[in-house]
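Subject: Structure handover

Hello,

Here is the structure I promised to pass on. Please open it beside this email and follow along.

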Amino acid sequence: MDISKEVNFIWNIADKLRGAYTSDKYKDVIIPMVILRRFECALADTKKAVLEEYNKDKDTPTTVLERLSGYQFYNTSKFDLKELRKNFKTR
């Protein structure tokens, strides 16, 4: 993984938020965004399998989804940060 690419992605988001947040408030936004992005990257390889299983049965047990994700967490949202950003830009 190219870390500089990830860092630039995160700072690009920070630049877009500049109008809404002063620099002393970046930590309130950037740290949570970094954590969300890291979760998203960790789950990227298994997201499709988790979504397919979840969409078959919304009551799929947590243990099954965790096993599919390979972690003790998973994501059943059809969105990712890039998709949200794209939708945000068009509005």
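Below is what was found in it, from the overall fold down to single side chains.

**Overall**

Please keep in mind that this is a predicted model. The protein chain has five helices and zero strands. Read from the N terminus, its elements run α-α-α-α-α. The chain has 91 residues, and 21% of them count as buried. Now take the contacts with a separation of 6 or more. Of these, 55% are between residues 24 or more positions apart.

**The nonpolar core**

Which residues make up the largest nonpolar core? There are seven: F9, I10, I13, A14, Y26, I30 and L81. Helix 1 (3-17) and helix 2 are the elements that give two or more residues to this core. The largest share comes from helix 1, with four residues. As background, nonpolar side chains in soluble globular proteins tend to be buried together.

**R37 and E40 in helix 2**

Two charged residues come next. R37 is found in helix 2. Is R37 buried or exposed? R37 is buried, because its relative accessible area is 13% and the cut-off for buried is under 20%. Its charged end sits over the ring of F9, 5.1 Å from the ring centre. F9 is also one of the core residues listed above. Neighbours within four places in sequence aside, R37 is in contact with E6, F9, L81 and K82.

E40 lies in helix 2 as well. Its relative accessibility is 19%, so E40 counts as buried. The side chains of E40 and R37 make a polar contact, at 2.5 Å. Again leaving out neighbours within four places in sequence, E40 is in contact with D80 and L81. L81 therefore deserves a look: it appears in the contacts of R37, in those of E40 and in the largest nonpolar core, where it is a buried residue by definition.

**Helix 3 and its two faces**

Helix 3 covers residues 47-56, and K47, V50 and L51 are buried there. Why do they lie on the same side of helix 3? They cover an arc of only 95° around the axis, which puts them on that side. The general rule helps here: an α-helix has 3.6 residues a turn, so residues three or four places apart point the same way. The face turned away from the buried side carries the exposed residues K48 and K56. What do the buried residues of helix 3 pack against? They pack against helix 2 (26-43) and helix 4 (62-69).

**K47 up close**

K47 lies in helix 3. This lysine is buried, with a relative accessible area of 17%. Which residues does K47 touch, not counting those up to four places away in sequence? They are N75, S77, K78, F79 and D80. With S77 there is a polar detail to check. The backbone oxygen of S77 lies 2.9 Å from a polar atom of the K47 side chain. K47 and S69 are 22 residues apart in sequence, and their C-alpha atoms are 6.9 Å apart in space. D80 links back to helix 2, as D80 is in contact with E40 and is touched by K47.

**The aromatic rings**

The structure holds two aromatic pairs. One is F39 with F73. Their ring centres are 4.7 Å apart and their planes are at 50°, so the pair is tilted. F39 lies in helix 2, and F73 lies in the loop between helix 4 and helix 5 (81-89). The pair therefore ties together parts that are 34 residues apart in sequence. F39 counts as partly exposed, at 39% relative accessibility. F73 counts as partly exposed too, at 28%.

Y71 and F73 form an aromatic pair that is stacked. Here the centres are 5.1 Å apart, with 25° between the planes. Y71 is partly exposed, at 38% relative accessibility. Taken together, F39, Y71 and F73 form one aromatic cluster.

**Where to look**

For a quick tour, begin at F9 with the charged end of R37 over its ring. Go on to the polar contact between R37 and E40. Then view K47 beside the backbone oxygen of S77. Finish at the cluster of F39, Y71 and F73.

Best wishes

Technical notes. Residues numbered from 1 in each chain as written. Predicted model: local features only at pLDDT ≥ 70, side-chain atom pairs only at ≥ 80, totals over all residues. Heavy atoms only, no water. Buried < 20%, exposed > 50% of the residue type's maximum accessible area, 1.4 Å probe, protein only. Arc of directions from axis to C-beta. Contact = heavy atoms within 4.5 Å. Polar contact = N/O pair within 3.5 Å; in protein donor to acceptor, adjacent residues only side chain to side chain. Phe/Tyr/Trp six-rings, centres within 6.5 Å; stacked < 30°, edge-to-face > 60°. Lys NZ or Arg CZ within 6 Å of the ring centre and 35° of its normal. Core = buried A, V, L, I, M, F, W, Y, C linked by side-chain atoms within 4.5 Å.
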